[in-house]
Structure formats: C-alpha cells, structure tokens
Amino acid sequence: MKPAFYVTTPIYYVNDVPHIGHAYTTLAADVLARYKRLKGFDVFFLTGTDEHGQKVEKAANAAGETPLELADRVMKRFQALWDKLNISNTDFIRTTQERHKKGVATLFERVLEKGDIYLGEYEDWYCTPCETFWTETQLIDFKCPDCNRPTEKLKEESYFFRMSKYQDQLLAYIEANPDFIQPKSRKNEILSFIKEGLRDLSVSRTTFQWGIPVPGNDKHVVYVWFDALANYITALGYPDETGNFGKFWPADVQLIGKDILRFHAVYWPTFLMAAGLPIPKRLFAHGWWTVEGQKMSKSLQNVVEPNMLIDKYGADAVRYFLLREVPFGLDGDFSHTALIHRINSDLANDLGNLLNRSTAMLGKYFDGVLPEPGEETALDAAYREKTSAMVVQVDALLEDLAFSKTLQAIWEVISAGNKYIDETAPWTLAKDPAQKERLGTVMYYMLESQRIVYFLLSAFMPKTSEKGLGYLGWTTAPDDQGLAWGGLKAGTVITKAEALFPRIDEKGE
Ligand code: MSP
C-alpha cells in the first residue's frame, strides 16, 4: 500500500478576489503534492474557500447580494485560477457545504459535552457603526481604531472555549515536536505568546447571522475561525473517522501565511486536543509579498492579478518565479522587471537553450536517434554524479520546504550541462569519424541528465516538464524509479526542441 501524505492550504475568504499572495500558498502546496506523488505517495491535497462570517456578510451587503450569491461567484474565480495555474488539488472544500456544516456542528457539540465549551458573557468595547468588539488595549483614546468613533462597553452572551486549560499541554506538544511550527523564528513567537497566558476564547457570535448555528442554540453562530479551521478534517469526512480521515489525518504539512499562524498554532491544536483528535505534524508559515516595494492593497490599486500574469507569461513561468525568487518563509517583493529577468535568464537562456542545443545536435549527428553510450570518462562521471546527487539533494531540500534552494540545485545541473557541452565540444568530435562513439556518449549524457532534470521539474512546471520529456522521447509519467541514471534507452527517437520560453523584451511589451 502506498504511504499517505496530506497537505493543506488555508481556505480563502470570498470577500476578496484571488491575488498572487493566495496563489503563492496554493502553488507551494501543489509542488509538494506533485513531488510526493512522483515519490509514490498517496496524496490528499486540500484547498477551498472560507465563506462564513461578518466580513463576508458585509461584503455581500455592499455588493447587493446574499452572502451565498457572493460566495458562489467568488469561489468560481478561485477555482478558475487554480485550473489555469495547473493546481492538482484532490478536493475543494466550501464552508457552506453540508458535509462541512455537519462536521463543525459535531465538533462543537463534542467539545461542549466535554465541558470545554461553556456559555458565558463577553465583555468588551463595542463600536456600533463598525459592529466590532475591541479589547481595551486595541482602542486609541477609547475610540475605535478603525473609524475613530466613540466605543461603549457592552456585554454579549457568548460560548467560550476553555483554551486556558490546554496551555501546558500545548507547550508540551510544541517542545516534544520541534518541527511542528516552522520556520523556527515563528515558533519562538508562538511560544512567547502562549507563555504570556492563554485566555478562554469566545467561539460564538450573536451580532450577525451568516454562519453555522450553534447546535441547540441558534441565537448564536459558530465563530468563523472555529468553523474555518475544522475544514481540514471535515473535508476528510469527519465525524466519520474511518475512510479518508483514518487514512490521512493528522495532516503532514499545513501551509499558511505568517499572518494566520496564531490561529493554526494555538487555536487549532487546542480545539483538536479538546476533541481528542491528533495534532497536525507540521505547520509552515511563509512570508508576505509586497509589490514593487509596497504593501499590496485595493486602495493602492497595486494588487497583482495572477490571471493577467499567466496570460502574459504562462503558468509555468509564474510558478517558477514565485517559488524561485524568494526563500519560503521570508517576505518577498514582486516586480515585473524581476519576473522578466528570471524568464529570460533562467528559463529561456539556461533551461530552454540547453534542450534546444542538445536535441539539435542529436538531430544533426545521429538523425535524432539516441546512440548507446560508450566508455565513461572522468568528465562524464562527474556530470552523471552531479545529476544523481541533485536527486538526493532535492529530496532533502523539499522535505525542508526550501523551494528556492531546490530550484537552485536543479539549475546547477542545467548549468553543468551547458558547461559539459562546451568542454566536450561535440562539433569538434563530429568532424572526426573515429570519434563517433565518443560523440555518442556525450550525446547520451547530456540528454539523460536533462531527462532527470525534467522529471524533477514536473513538480514545479508540469507543462514544461511534459514538453521537455516529449522532445526527449519519454512518453510515460515521471515516477520514482525513473529518477535513477540510465532511463533513456538507445534507439529512442528525440525531436529538436522549439524554444520552451521565448525571450521577452525587457520592457515587458
Ligand atoms: N480565511 C482565512 C484562512 C482560514 S484557514 C482555516 C484567511 N483567508 S485569506 O484569504 O485572507 O488569506 C489566505 C492566505 O493568503 C493566508 O495564508 C495569507 O497569508 C495569504 N496571503 C494573503 N495576502 C498575502 C500576501 N500579500 N503575500 C503572501 N501571502 C498572502 O486568512
């Protein structure tokens, strides 16, 4: 039986349309999912939309729609973008689906029955025009930090989750599982937050309607984060603990942005502890993208729209750029100049040229039919060993979610390929009939190394990988065994490759 691997993205709010920040998390999850499938895992890759709560209700009112109409419309934009970006998710969960609502109600009920959810009173500062509660420390001169209008102290009946009860258990879990929260700097942030003391958490609201009713008391709706976090298990069929839940839970990796780490590293594990369910194995909080040096925001009108980028440069170039440009975990800046530079130098020059040059040479010297390799020289061995070392390196780097370093490691082998050609000078060998066997060996090495490169690239750039392998005469899907040297067979017919990535005018026109 194949080993199981479960990777998740956050579920995206439907009050906003997708931008590159959203695409980034989903893309990273897709690369992991594709790589794990290549390595023989049975992968469940989940994404979806977060459709309840006051924000969505407000956005719907502003748009003159019902919240569900808004959700139906925006959810399709997320799905369309994922199709266009070639995202290979297994499932797409919407929090308005029956399967999810049923799972959330059960989770809430179980924690309530255990006594870890209780009915109490919520007392805080309320801004009526904004319909928002604030804690005293959030207020500015006792005024609303959003609209600067006076606030009043209000009491609201609310269900509370006994989060304080789980403080020690959570600390112990984090200590015992050093890889649970990554990167390390983020883990330290969470540890100090917990050590300041966990307060019980309000997990229901009565001031708006758009949510899942609290079981047995429909004056209340379930707090949107309690509702949303549960998606990771309701999509697996929870409360049915057999089937996908039994197979895939706890999740292997949950990818999130740094802004939502506290919800995932504190709320989520304590909810699970209260429900008697296992905790995810790993959470990774990535950094944020700015655009040309500025925060992305609707008011600055600088939101980078992924559809436009894909139409202009292609899905694989966008996929490559986002994961190559910035180490996962750090903040990064998006600029058109940087994107075009990467396309021209890494994709057109290094990757594309190598395939183009080498397949053209095989056509010229061997009529496009791959010869049997002859005796291996030290130069060939070094190139072969570098290629095989890359396979091992990539595995370790992807285990650490070091996407940018993974691509660097692959590009080192691509550069080595270009250098190998320069050093072996096939055009000179071709002039001497006595060197025919040597020339054949060189051809074999440069094409076989690229085959392995395109196998690994299938996780990052699926269409480019398919094309590249197509030119190399490889017709089946990349798999784990094929990562070993020697897969290409003599006699394979190889076609001259067209430019995989045409160069782009630096002005981007
Ligand atoms: N609905 C919640 C998540 C619930 S998960 C149980 C949410 N949604 S969101 O749509 O606002 O954000 C989803 C993800 O997009 C987050 O991981 C967030 O970090 C990411 N990004 C949003 N803007 C971003 C950038 N500018 N850069 C990188 N990622 C960003 O939060």
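Let me begin with a contact between a charge and a ring: Arg262 lies over the face of Phe193, and the distance to the ring centre is 3.8 Å. Please keep in mind that what we are looking at is a predicted model. A second arrangement of this kind involves Arg205, whose charged end sits over the ring of Tyr122, at 5.7 Å from the centre of that ring.

From there I would like to turn to rings that pair with other rings, of which the structure holds 36 aromatic pairs. A pair of aromatic rings is described by the distance of the centres and the angle of the planes. Take Tyr238 and Phe245, where the centres are 5.9 Å apart and the planes stand at 45°, so this pair is tilted. Both partners are placed inside the protein, in that Tyr238 is buried and Phe245 is buried as well.

Now compare that with Phe321 and Phe334, whose ring centres are 5.6 Å apart and whose planes are at 85°, so here the pair is edge-to-face. Phe321 belongs to helix 12, residues 315-325, while Phe334 belongs to strand 16, residues 332-334, and the pair therefore ties together parts that are 13 residues apart in sequence. Here too, Phe321 and Phe334 are both buried.

Beyond the pairs, there is one aromatic cluster formed by Phe108, Tyr159, Phe161, Tyr166, Trp225, Phe226, Phe263, Tyr267 and Phe271. Let me stay with one member, Phe108, which is found in helix 4, residues 98-113. Is Phe108 buried or exposed? Its relative accessibility is 0%, and because buried means under 20%, Phe108 counts as buried. Leaving aside residues up to four places away in sequence, Phe108 touches Ile117, Tyr159, Val203, Val214, Pro215, Val222 and Phe226. Two of these names, Tyr159 and Phe226, also appear in the aromatic cluster. As for a residue elsewhere in the chain, the C-alpha atom of Asn353, which is 245 residues away from Phe108 along the chain, is separated from that of Phe108 by 57 Å.

I will finish with the second largest pocket, which has a volume of about 280 Å³. It is lined by 14 residues, and the closest to its centre are Ser458, Ser465, Glu466, Ala477 and Pro478. The elements that contribute two or more residues to this lining are helix 1, residues 20-38, and helix 18, residues 462-471. Which element gives the most to the lining? That is helix 18, with five residues. Sorted by class, the lining of this pocket consists of six nonpolar, five polar and three charged residues.

Conventions
Residues numbered from 1 in each chain as written. Predicted model: local features only at pLDDT ≥ 70, side-chain atom pairs only at ≥ 80, totals over all residues. Heavy atoms only, no water. Phe/Tyr/Trp six-rings, centres within 6.5 Å; stacked < 30°, edge-to-face > 60°. Buried < 20%, exposed > 50% of the residue type's maximum accessible area, 1.4 Å probe, protein only. Helix = DSSP H or I, 4+ residues; strand = E, 2+ residues; numbered from the N terminus. Lys NZ or Arg CZ within 6 Å of the ring centre and 35° of its normal. 1 Å grid on protein atoms, 1.4 Å probe; cavity = no way out; pocket = protein on both sides within 12 Å on 5 of 7 lines; lining within 4 Å. Points joined across faces, edges and corners; volume = space filled by probe spheres on them. Nonpolar A, V, L, I, M, F, W, Y, C, P; charged D, E, K, R; others polar. Contact = heavy atoms within 4.5 Å.
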